Structure formats: C-alpha cells, structure tokens
Amino acid sequence: MIEYLFSALTPLNILLALMGVAAGTIIGSIPGLTATMAVAVLVPVTFSMQPDSALILMGAIYTGAIYGGAYAAILLNTPGTPSAIATTFDGYPIAKRGDGDLAVSVACLSSVFGGLVGAIALLLLAPPLAEAALAFGPVEYFWLAIFGLSLIAALSTGDFLKGIIAACFGLLLSMIGISETSAEVRFTFGSNTLLGGIETVSALIGLYCIPVLIDLVATPDRHLKEPEQTRGFRLPEAMQEMLRNKVNLVRSSLIGTMVGALPGAGGSIAGLVAYSEARRSGKGDVPYGEGNPGGIVATESANNATVGGGFIPTLVLGIPGTPPDAVILGALLVQGVRTGPTLFADGANIVYTFIFGLLLATVLMLPVGLIIGRFAYRAIVRAPKAGLVPIVAFMTVIGSFAIRNNISDIGIMIVLGVIGWIASKRGFSVSPIVLGLILGRIAEQGFVQSWTIGDAMDDLWGQFFGRPLSLAIIAMTLVSFIYPFVPQIRRLFRPATAEPAPNPAPASLQKIGADLVTFGVFGAIGLVVLVQTAGLNPEAAVFPRTIAMGMLVIVAIAVARLFLIHQVIDEPSTGSTSRRISVPAIMLLAVFAMSTVGFALAGLLMALALIVPAQHGRISGTGATTLAIAVAGIILVFTFGFSEILSVPLPPGQIF
Amino acid sequence: MKRTFLAAAAAAFTLATATATLAGDFPSGKVDYVIPFGPGGESDVTARFQQPFFKKLFGEDLVVSYKPGGGGAVGWSQLNSMAGDGTKIMGINLPHIVIKPETGNVGFETDDITSVYMFHYTPDAIVVRADSDMNSLQDVIDYAKANPKKLTFSGSGKGTANHLAQVNFDQMAGTTTTYVSFKGTGAAVTALLGGQVRAEWGYTTVGAKQGDKVRMLAVAMESRHPAFPDVPTFKELGFDIVSGAYRGIAVPSSASEDTRKAVSDAIAAINADAGFQKQMIDGGFALVDVAYGAEMDAFIAQKSSGYIAAAKAAGVIK
C-alpha cells in the first residue's frame, strides 16, 4: 500500500490537491455555490488529465467546498452549502459576540479531523461499510428523516408549538412541484415559476440570509464586533475547544462517515444528526444554540467525514453516496474508468492513489483553511455596512440563480426570505422550516415506497415497525424528542421544592392579535393543501394531506392556548422599518428588471441602490464615490468569474 | 414575470437573429448544450461523452450546462425562449416529453419541442441480484403467477421507461407485480442490492456498472446488446417489448430549417465515430439514429401512442 502513497505524492498531485482545496474553500464559502457545482465545473478540465490526478483534484475541491460552507454560516448566518446548516446554530451567535475568528479556526480543525476519519474509513473499511449501508432501506430513510425532524423540539426558540407549525410549513413547501413518487404536478397553482419546486439551496439562502440583511440595514450598529487588536488564528484556544469536545469530535466524525456512506442521505443530514447528538449529551457554560463551540465541532467534523464516507458506496458499489459523487462517477466513466464492484479489484491502483490523495488534500486543508478563513473573517468584520449589504445581497442573487440557472429561483429566494423574517419576528424560528424543507422529500419517498412494499407483502405493520434497524432509529427519535422536556418532566415528579416560576404578565392585545393572524395564515395554508390534495392520486396526496391535518390540529391547539394563557413568544424589532422594506423591494425590482437589462446591469444597479438604505449617518462625497466604485468593482469581478470561469449562463438582456 | 421574460427573450432573439445571418454554418462558435437535469445522471454522462468528439469533428466547444427541475419540465418549458441561431441546443428524453404534458400543466406540450436527433437509448431490462433464485424470465413469470402482487420491482420514477415497461410486461404476461418508484437509477439499484425488492426494472447500463453483482434476465431490444451477448431479448422470449429511455437533442422552435438539419447532421457525425460508439456500448448504452424530418416525426408518433396507452393503464395519466 505504501507504493500508492508515493504515487499520490508526486509534485503534480500535491499541487493539484493544494489548488483544489483552496478553490473549493472559496467556492464553498459563497452561498449558492455548492460542492456539486464546484466539481461539475471541473469535469471538462479533467478530460485531459490522468484519471488519478483528475480524481485527486475533484476530491480536493469537494472537501474544500464542504469546509468553505462554514464561513458564511458563521459570519453571515447563511450556510454556504447545505451541509453547513447546523453550523449556523452556534457559529453565528459566537461571531455575534465577537469570537468569529475563533469559530472559524474551530471549524477548520474539526473539518480536518472529520475529513481524516472519513478518508481513513474509506481506506480501511470501505467494502464492509458499503455492505452495511445497503441494509438501509426505504423505511430506514423514512425514520431517519423523522429523526432529523425531532430536532425541532430543540430548535424552536421558546415555543414548541410554533416550531412544529413551522416544520409542517417547511414540509409542505418541499411538496410543491412535480411529485417524485407519482409524477403528478402538485400545489403549483398553474404557475410555471413553481413547477420545479422550491430549490433547497436557494430557499436556504433566502430563509437565513435575507433576514440578516433586512436587520442589518435597520440599525447603525456594526454587523459583528471588531476586536481591539489582531489576535492571529487563536489556535491554542481552538485546540482547547477541540480537547474539551473530544468525545463529540470522534462521535460526530463517525456519524458523518456512516451517514455519508448511505446513498441518499448526504452532508446536510449528517451535520444535523451529529448536532442533535452533541446537543443532547452536551455540557458547557453556554447552552447549545446560543453559541456553544461544540455545535460547530459536531457539524463541521460530521460534514467533512461524509466526503470519505460518501466515496465508500461510490467506489465499492458504483452508487453515488452524495450528489458530488454522482458527478465524479460520471467523469470517471468518460475517462474510461469502469466504476462499480470491479473498480476496487481491477482498478486498485487508481483507487488507493486517490484515497491517499484525498488524505493529502485533507491535511493541506489545515493551513489553507486557516489562512483563507482568517481572510474571510477580516473582510466581513472590517467591511463597512454600506459595502457589506450590497455585496452580500448580490451574492445571494447570483448564487440562487447559479444553482439551477433559473431566474424564478431568485424570486422565490427573496420571497421566502421575507416570510422567514416575518415568521421569526412572530416567534417561529427559521430552522424548523428548513428542516421540513430538507427532510420532507426524503420522508415522503421513504414513506410511499415502504407503504407500497408493505402493501404488496400484506404486512404494513411489519414493514414500518418490524425491522430492527428501524426500531433503533425510532428509539433514538423518541429520546431526542423527549430530551429537551426532561427538566419540565422532572419538575412534575418532584414536589415543589423551589417556587414555581412566576407567571409572566399576559401579552398585550396587539401581540395576541398578531399571533392570531399568524396562526390564521398557517391554518389557511393547511386548508388550501387539504382541498388541493382531493384532486390528486393517492400516492401524491397521502403525505401532504397527513401533514396538513397535523398542522391544522397544532394550529387549533396553539389558538386555544393563546386564549387560555394569553402568552406570546415573539421577537420584537427595533430600528427603521422603511430601510428594512427597501432591501427586499430593491432586490425584487432587480429580478424583474433582469430579463430586460440583463443580469449584470440589474445586479449592479441593485447593489448600488442598496448602499443607500445601508448607509447610516453622513458620508462625504468622495467617501460615497469610493464606496460605490469599490462595490461596483467587486460585483463586476464576481459577474465575470461566474460567467467566464464557472460558465454560468447569466441571462443577457436587451442592453448587454 | 413570465410575460416580461418572454417579451425580453423575444427581443433578445430578434437581436440575435439580426446579427447571426449565417445561421446555416453550424457551429459558428461555441454551442451551449443545456441538460434539463442535474449533473451526474445518464443524460449528463452521455452529453459528456459527446463533448470531446464534437470538439474533434467541428473544432468548436460544446459547453454543457444544467437547468434541472420538475424532472426536466423546467428546462423544456424554457426551450423556445432561447436563441434559435444554433448556439443553444437542449437534451430531450423519451418518454418524458410525451408523458409530462399529459400529467398536468408543465409549461410545455410535446409538439412545442423541435426534436432534431435521437442518438441513443438505455434499453429496459429485468435485473436481479446474482444470488437470486430467479434465473430466467420464465422464473419471473412463474413466481409472479404463484404470488400475485408479491413480486416487487424497483425502478426509476413513475411514468418513466422502467415503469411503462413493467406495465406492458404485466399485461403481456398476464401477471400482477408491484412497482416501487425510486428517485433515479442509483436509488433503484441500491434497493435491489440491499434486498429491499426482489428485482428491478432497470436499464442495460445497470448490468454494465454492476458487473457480476447482478444478473440481467432479458433486455428490451431488437437484438442482443453487444456488451451482453448471453442475455436474451424479450422478443426472443415471445414478448414484443423494445423500449427504454431514449435521449436526443432539440433546438428552439425559432431555429431555421438549415440550422435544424445542421444540428441533426452534427450529432449523426458523432454517432458515426467508432471511438464514440465503443465508449457508449461499453457503458451499456445502445445507439440509435433518428434524424430530423419525417423520420423523427414518425418515430415520436409511434412511440407516443404506446407510452400514452401504458401510462393510462398504470393510472399515471387520466
């Protein structure tokens, strides 16, 4: 095996790994540019390469992109790739309190560790793990999705019922478009815009990033606290965090490897499962969800472990473990490399050279990731608000376009962003919506497939509840659901030693009214779905109908509770409303103008217009000019990079 | 928004046609090849196979990009708003472009698509695990007759080639089997290998990829696949099934007759290249040559009637 190590370590391969990791990290850090896309862009470049070098380059860019997703998650509360969703839960609160640089270093160390665990598992345990992954059938995917949803209990800030309603809303959003299970068109209301469904990545960008932008312009406060003096990488502190989280680190890396090896799960689920487990067993001064570094450790080690894990079914079975693996498989096929079971036997040369290349790339990610992370941190912390807002807004627009080369997705992204902002002000946090959106399709497919198989065998009960692996996941789900309520349950059984918490004063009529309206809207959505499912065939109807009915029940309970106890949990907003409204308004205007004036000009005008609401206080004429030129320059560079380097077909207009 | 988009696209198109007066000499520069699916699928892989041969034969780049969504519907519904000067071509798939518009409003009708060439198909095939006790198509039929409904097949999607083949076969053999739809061939193969289902309605490409982990019992081709000389066709065994997922190329409806012919000829030239043929056959694909014009019209008309009848029988369309 040592000879493969040496063939991986040629100067060319080292250079490719280095470049790949750096390029991947930068691409991954831009919301909307996913690892899948980073790899797909490379495919034509690899035609002229040796298969092993091509694989090393693609593996390096993939692993870099998964790590790069952490930057935007930590610094902007926007997962750069779906794998980094759970990184936002604690990463952003840490950055808010001024420790963004520490969070980025922790993310880097965790990613490297997770990546190494995944790659070593690939090297030593690939064939048995691939066999194990095959035991995972439709029922298990269904229960895995339900397990992921059990995180709602933990993620709904303060109000569990609102969390469930938000999750139901997310689940219903994921059902829009052409049904995967029955090929039927659902919930598009005749509109072509919704035909392709809600694209997950652009929805993530909208739900997480647009609310941040809206709140950024409202007040003159800085985005993140700027440290008084430069503090370097803060490696010793980051190392301490890793040691404090060593069990978490190892467990999350193993979860990531295993979930990565399941075809059809992927980095986002691995991160969520690892986060859920870390949170349940987590200790520390700061609770999870409010800035505990353990949350970053769990998610980032798990999602990078899926890289090596995902290659297990890809290389052993010829079945892609994650979406980027599908692209890599395709590229290999064009190269003339036969993938599938024969690859490990006949193509051992390529396979082992590649695995050592992947290990090499993961190790190189340590220095590369720390340096780029430092740069990203400084850029975000030091940028004046009037420069940051337009550029980030432009990135959300170009990113949500690039994912499917579709203008409709930009509009959907902005609208969802506004919905997310309003919902969060009413005490519905965004994360349950996102969980529903991501897990909905997996849950529905698993459910309908299991139902079909169980019905064919005349054993529905045994299909859903009779398989040992399913029972294990169900047990984990129950624990995860109940755990956040343990303190309340304990209080029930212990006679009141302490004073019961004093009842807070009832909320104002205005707030109660606002909550009633919100519940009414969600109830109406549930009713519309119920009515619409009547015209669908059973396979397309069963899942959304069940969710809609559940949602209506929860809404009814929430309304009843509101009348009984008059309590409202919400998040008051301060600052300028007109500035707030201007952000989505300007962005939507730009989307409408795009087909007339072209993407580049619309994007540029949008960014320049956004300087106005983002600028607080007086600014000198020269200052304003410099700012405008800087913003325009960065946007032109981005536009050029997307259209020329990444060959994204940005739509031209009449003028350009 | 749709209207402004269309208006702008129409305007952009007039501008484009005004500048490109020499529409006849295809390709006049790099050609954008839009795949209405995500990267990594068979539409993508075969496009990637064509890429280097296009460059070799015509000296211009064929740039593959993706416009996924709605199982291809998003891309196809936007095809006719693209420039018709030969700089844009789009991948098309059968039975998708026939079945989708029948299921509801998907933004396009089958007749809206100007198909210029069909270049290959992945023939349907019944696949079982290597350790399965079913060794022939007769075993499948015997098992299905003895255990109505209990023989489960995985397959890629509903209303797809796999699904319609299962419906047709059930009718011809007088059996009742259960079809479980998965998202894509990868997931359907996973379910087969993991023992979640007894067999798969898959494609010959599954046999090429999975090698001796699986056994193909019959393929839906006119004659045996060159890469699998030992696997009989359904026809040999008395079932007149020749089917699969056909893939080809379409151009926007605004393309001139010359452009349509030129694109058709270019794809035909790639199909005629021995190196291309070898790659495709090794991968388990089967080449077809259906060129633009009367040949294409007849081909689509003939396939459509069969697809629609099967889809109605399966309850996919009303």
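**Entry 1: helix pair in chain A**

I looked up which residues join helices H8(A) and H23(A) in this predicted model. I found Ile165(A), Phe169(A) and Leu172(A) on the side of H8(A), and these meet Phe522(A), Ile525(A) and Val529(A) of H23(A). I then sorted the contact by residue class: 6 residues are nonpolar, with no polar and no charged residues.

Next I checked the geometry of the pair. H8(A) covers residues 160–174 and H23(A) covers residues 509–533. I noted that their axes come within 11 Å and that the crossing angle is roughly 35°. I recorded the hand of this crossing as left-handed.

**Entry 2: domains of chain B**

I turned to the division of chain B into domains. Domain 1 is assembled from the segments 2–13, 27–121 and 245–314, while domain 2 is the stretch 122–219. I took the separation of the two domain centres over C-alpha atoms, and it is 28 Å.

I then asked how many residues each domain of chain B gives to the contact. Domain 1 supplies 16 residues, and domain 2 supplies 16 residues.

**Entry 3: the domain 1 side of that contact**

I kept to chain B and examined the side of domain 1 that touches domain 2. Helix H4 (96–103) and helix H11 (294–314) of chain B are the elements that give two or more residues to this side. I noted that H11(B) provides the largest share, with 5 residues. By class, I listed this side of domain 1 of chain B as 11 nonpolar, 4 polar and 1 charged.

Methods. Residues numbered from 1 in each chain as written. Chains lettered and ligands numbered in written order. Predicted model: local features only at pLDDT ≥ 70, side-chain atom pairs only at ≥ 80, totals over all residues. Domains from an automatic or database assignment. Contact = placed C-beta atoms within 7 Å. Helix = DSSP H or I, 4+ residues; strand = E, 2+ residues; numbered from the N terminus. Nonpolar A, V, L, I, M, F, W, Y, C, P; charged D, E, K, R; others polar. Axes fitted to C-alpha atoms, helices over the stretch in contact; angles between N-to-C directions. Left-handed = near helix turned anticlockwise from the far one by under 90°.
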